[in-house]
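Here is a short briefing on the spaces inside one protein model and on the ligand that goes with it. Look at the sequence and the structure, then read the points below.

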Amino acid sequence: MTKPVPVSSRAANIEYAIRDVVVPAVQLEAEGHEIIKLNIGDPIAYPGLPTPPHMVDAYVDALKSGKNGYSPSYGLPQLRQAIADDERRKGWEAKAEDVYVCHGVTEALQLIFAAVLEEGSKVLAPGPHYPPYMAYPQMFGAETIEYQLHQNDGWKPDFDDIASKMDNDVRLLVLINPNNPCGTVCGAEDVDKLLAIAREYPNCIVVADEIYDGLDFTGRHVSVASRSSDVPVIALNGVSKVYYAPGWRIGYMALHDPSSRLELVRDGIERLLRSRLCASTPAQMGYLAGLTGDRAWMSAYANRVMKQRDHCLKRIAAIDGLEVEQPGGAFYMFIRLADEHWAADDKAFVLRLLHEEHVLLVHGSGFSPELGKGHIRLVYLADIEVLDEAFDRIERFLQKYRRTPVIS
Ligand SMILES: Cc1ncc(COP(=O)(O)O)c(C=O)c1O
């Protein structure tokens, strides 16, 4: 018998629920079934929301005009400037030198975690949350602690819970705004409460993941950096969601350091950035065109997304066994399974629905075993007809198992 070469426990412990459920779906597709996929937060996976042509043209022009070399490690200077200008429009004095271009927010997160976390450090992140906030910190010997989002209060952060979980080991306090998977939008009052808590801990940096900020249907969204005159904030954003180009893998972190405390962390981040060379050069040119060109298209896209949200809310209200809080932004719904047996095993719901009705969702416990359980996440970017077909099947499935006991 050959023995497999061992894998590191750091890699073996990584979970990414959103893509994990794709494995059985691919199997079903290989058997000839057509699957309605409402699982992935990739706007390009759904028709009607293409990357704006002027951005694509700029990317293609960059390729054709030979911009195929490495860029500076921190990003193309003109892109860093355009991002800083954009952050300034959001209300804080960002400079080009504060901006570091990465392979998406996901790489920015890995670099921040690598630069800040030590054995025994903690990351305080919302529960439920986007999975890498749980998966990556453990690679650095750190631990992610979740603070509660309140379902009955539009999935708003529980500030008492945050305050009670803060201590000097919490090096990063995360706000995802608008939130994935719940769609919560925090306004100025909430952001100020979060900053007031962080202010008491001088080694703590607020990580503000604002990658969905152009998809705010409430008008309340504020940049966290714009509200802080003392607490250090790292703002995260990029091309994946509101510029509709996730496959380009371009994002950034912008360091807001109003009380000059990030000198060492900045140096660490810069060392890490130099050691991984740079982000894709032509893709940076595409993003630059998005930031500097006309953005009228963006509200047209957001209106379409909001209409789809409203349609889903109506459908869910009429289905026995599903309950949802109206999301204020992003393009996700975090739906409660009201039937007891499904509430107790959301993954079984997702897998059985996939096999029987060929609709793919993500189980809520994949976004937090404790605080997400009993839910499903649905991406509402598909065409209304496709969403309707998915809801018809979900309703049929729920009714069937209300009549017949579930065999596990
Ligand atoms: C909250 C959040 N942050 C970051 C990302 C990924 O960003 P990027 O594509 O820039 O790596 C996602 C993707 O779903 C997300 O939901």
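The lining of the largest pocket mixes classes: 10 nonpolar, 6 polar and 6 charged residues. This is a predicted model. The ligand takes up the space of this largest pocket.

**The largest pocket**

- Its volume is about 460 Å³.
- The lining counts 22 residues, and those closest to the pocket centre are Tyr16, Gly41, Tyr130, Lys241 and Arg249.
- Two helices, α2 (17-20) and α6, each supply at least two residues of this lining.
- The largest share comes from α6, with 3 residues.

**The shell around the ligand**

- Around the ligand there are 13 residues.
- Thr106, Asn180, Asp209, Tyr212 and Ser240 come nearest to the ligand.
- By class, the shell has 6 nonpolar, 4 polar and 3 charged residues.
- Which helix gives the most to the shell around the ligand? Helix α6, residues 104-116, does so with 3 residues.
- Helix α6 thus appears twice: it gives the most to the ligand shell, and it also holds the largest share of the pocket lining.

**Polar contacts of the ligand**

- Valine 105 takes part through its backbone: one of its polar backbone atoms is 2.7 Å from an oxygen atom of the ligand.
- Threonine 106 uses its side chain, where an N or O atom is 2.4 Å from a ligand oxygen atom.
- Tyrosine 212 also uses its side chain, with an N or O atom 2.6 Å from an oxygen atom of the ligand.
- How much of the ligand's accessible area does the protein cover? On its own the ligand has 400 Å² of accessible area, and the protein covers 95% of it.

**The cavity**

- How many cavities of 30 Å³ or more does the structure hold? It holds 1.
- The largest cavity has a volume of about 40 Å³.
- Residues that line the largest cavity include Pro126, Tyr147, Leu149, Trp155 and Pro157.
- Also in this lining are Leu175, Ile176, Asn179, Thr184 and Cys186.
- Strands β4 (143-150) and β6 (170-176) each supply at least two residues of the lining.
- Is the lining of the largest cavity mostly nonpolar or polar? It has 8 nonpolar and 2 polar residues, and no charged residues.

**Pocket and cavity side by side**

- The lining of the largest pocket includes 6 charged residues, whereas the lining of the largest cavity has none.
- Helices α2 and α6 each supply at least two residues to the pocket lining, while strands β4 and β6 do so for the cavity.

How values were computed: Residues are numbered from 1 along each chain as its sequence is written. This is a predicted model: local features need pLDDT of at least 70, side-chain atom pairs count only at pLDDT 80 or more; totals for chains, interfaces and linings use all residues. Side-chain values use heavy atoms; hydrogens and water are left out. On a 1 Å grid over the protein atoms alone, a cavity is a set of points where a 1.4 Å probe fits but cannot get out, and a pocket is an open set with protein on both sides within 12 Å along at least five of seven lines; lining residues have an atom within 4 Å of a point. Grid points are joined across faces, edges and corners, and a volume is the space filled by probe spheres set on the points. Helices (H or I, at least four residues) and strands (E, at least two) are DSSP runs, numbered from the N terminus. Ala, Val, Leu, Ile, Met, Phe, Trp, Tyr, Cys and Pro count as nonpolar, Asp, Glu, Lys and Arg as charged, and the others, Gly among them, as polar. A residue is near a molecule or strand if one of its heavy atoms lies within 4 Å of it. A polar contact is a pair of N or O atoms within 3.5 Å; within protein, one must be able to donate a hydrogen and the other to accept it, and residues adjacent in sequence count only if both atoms are side-chain atoms. Accessible areas come from the Shrake-Rupley method with a 1.4 Å probe; for residues, only the protein chains shown count as cover. A molecule sits in a cavity or pocket if more than half of its atoms lie within 2 Å of its grid points.
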